[in-house]
Amino acid sequence: MSTSKSQKGDFDAVRADIKALLKQPEYDDGSAGPVLVRLAWHSSGTYDINTDTGGSNGAGMRYEYEGGDPANAGLQHARVFLEPVKAVHPWITYSDLWTLAGAVAIEEAGGPKIKWQGGRTDYVDDTKILKHKIAGRLPDATQGADHLRKVFYRMGFNDQEIVALSGAHTLGRCHADRSGFEGPWVNNPTRFSNQYFKLLSTLEWKPKTLPSGVKQFVYYDEDTETELMMLPTDMSLLADPKFAVWVRKYGADKELFFEHFADVFSRLMELGIQRDANGNITNTDNQLGGYIS
Ligand code: DDH
């Protein structure tokens, strides 16, 4: 981590410092990347297209109402990893920092280049989050395809995009003390690939009830002596015929998945944001969505 201050708007300097913190030998699989990707997604996935509320402006997770949403359990680790970067580059907003960190983490894990633009603003207090109830909007992993459609259509995504986005589960793992689920989806959870789709569509997944009573699906991989897992929502992608078409396509074609994922993830990061032709955010004073500090 460099300690050299940067000029306002020098996102390359911020990128370099995010890259430098990804390797974390003491944490999870040795990388902060996956939890940073999850932070970026949860900061954006609150968007509601009908009311134009939520989305990646604001960085509302700094406040208890949104940060304390059970869906966001564990994301304080990601925010703590990024604090030194914010300290060195104080001009960057948290909402830009969190989304940029997700994009950098994907690229550094061997994933596609993610188009990312800055300019987001942070809430100055929790008024907007409380007023628009920006909690309880993220998906519930115990549910099925109907729930996924309800949640992701609300963000403005379609079936193909729901499946593409779900491919992010090639990164990282579940933690019993965060979501209640346990384990990684793939054998190499710090490498971005289409392995999630390959394994989802080809292995025989067996239901398992954890000691806590939480139900997930597992496959014991004899070669690596690792138990891999799938959430009930992951399994519903295979059970639903419209989703399953895309699970199989992405499992068979890594290039196609990378192309579609890069496109949809960058649009996820833009939810709730309107820009002019120069890329400047124009809805900073929007009483519904974003909010200027
Ligand atoms: Fe996810 N996710 N996610 N996910 N997610 C979890 C972990 C990670 C759901 C539930 C969980 C996306 C979609 C869904 C990542 C990225 C993305 C965990 C485990 C649960 C539960 C948390 C824990 O215990 O630590 C559900 C349900 C959905 C859905 O309905 C589709 C999307 C769209 C993304 C994305 O980034 C585009 C990542 C990365 C992780 C691993 C985090 C970590 O700490 O490792």
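**Close-up views of a predicted model**

**View 1. Val14 and its surroundings in helix α1.** Val14 is buried, because 24 other C-beta atoms lie within 10 Å of its own, where 20 or more are needed for that label. The residue belongs to helix α1, which spans residues 11–22, and the model in which it is seen here, as in every view below, is a predicted one. Leaving aside residues up to four places away in sequence, Val14 touches Ser6, Val85, His89, Ile92, Leu97 and Leu100. One of these partners, Leu97, stands 83 residues from Val14 along the chain, yet the C-alpha atoms of the two are separated by 8.1 Å.

**View 2. The shell around the ligand.** Of the 24 residues around the ligand, those that come nearest are Pro34, Pro139, Ala168, Gly172 and Ser179. Two or more residues of this shell are given by each of the elements α2 (33–44), α8 (159–166) and β1 (173–174), and the largest share, five residues, comes from α2. By residue class, the shell divides into 14 nonpolar, seven polar and three charged residues. Because domain 1 (11–139 + 265–269) and domain 2 (145–262) both give residues to the shell, the ligand lies between them.

**View 3. Helix α8 and the elements packed against it.** Helix α8, one of the elements that contribute to the ligand shell, is mostly covered, with six of its eight residues buried. These buried residues are Glu161, Ile162, Val163, Ala164, Leu165 and Ser166, and they pack against α7 (145–155), α10, α11 and α12.

**View 4. The buried residues of helix α9.** Within helix α9, which covers residues 195–202, the residues Gln195, Tyr196, Phe197, Leu199 and Leu200 are buried. The elements that cover them include strand β5 together with the helices α10 (232–239), α11 (241–252) and α12 (254–269). The helices α10, α11 and α12 also pack against the buried residues of α8, shown in the preceding view.

**View 5. The hairpin of strands β4 and β5.** Strand β4, residues 215–221, and strand β5, residues 226–230, pair in the antiparallel sense over five bridges, and within this pairing Val218 stands opposite Met229 in β5. Four residues lie between the two strands of the hairpin, in which Glu225 takes a positive phi near 50 degrees. Strand β5 is also among the elements that cover the buried residues of α9, so that this view can be read alongside the one before it.

Note on methods:
Residues are numbered from 1 along each chain as its sequence is written. This is a predicted model: local features need pLDDT of at least 70, side-chain atom pairs count only at pLDDT 80 or more; totals for chains, interfaces and linings use all residues. A residue is near a molecule or strand if its C-beta atom, placed from the backbone, lies within 6 Å of it. Ala, Val, Leu, Ile, Met, Phe, Trp, Tyr, Cys and Pro count as nonpolar, Asp, Glu, Lys and Arg as charged, and the others, Gly among them, as polar. Domain bounds come from an automatic or database domain assignment. Two strands pair if DSSP finds at least two bridges between them. A residue is buried if 20 or more other C-beta atoms lie within 10 Å of its own, exposed if 12 or fewer, and partly exposed in between; C-beta atoms are placed from the backbone. Two residues are in contact if their C-beta atoms, placed from the backbone, lie within 7 Å.
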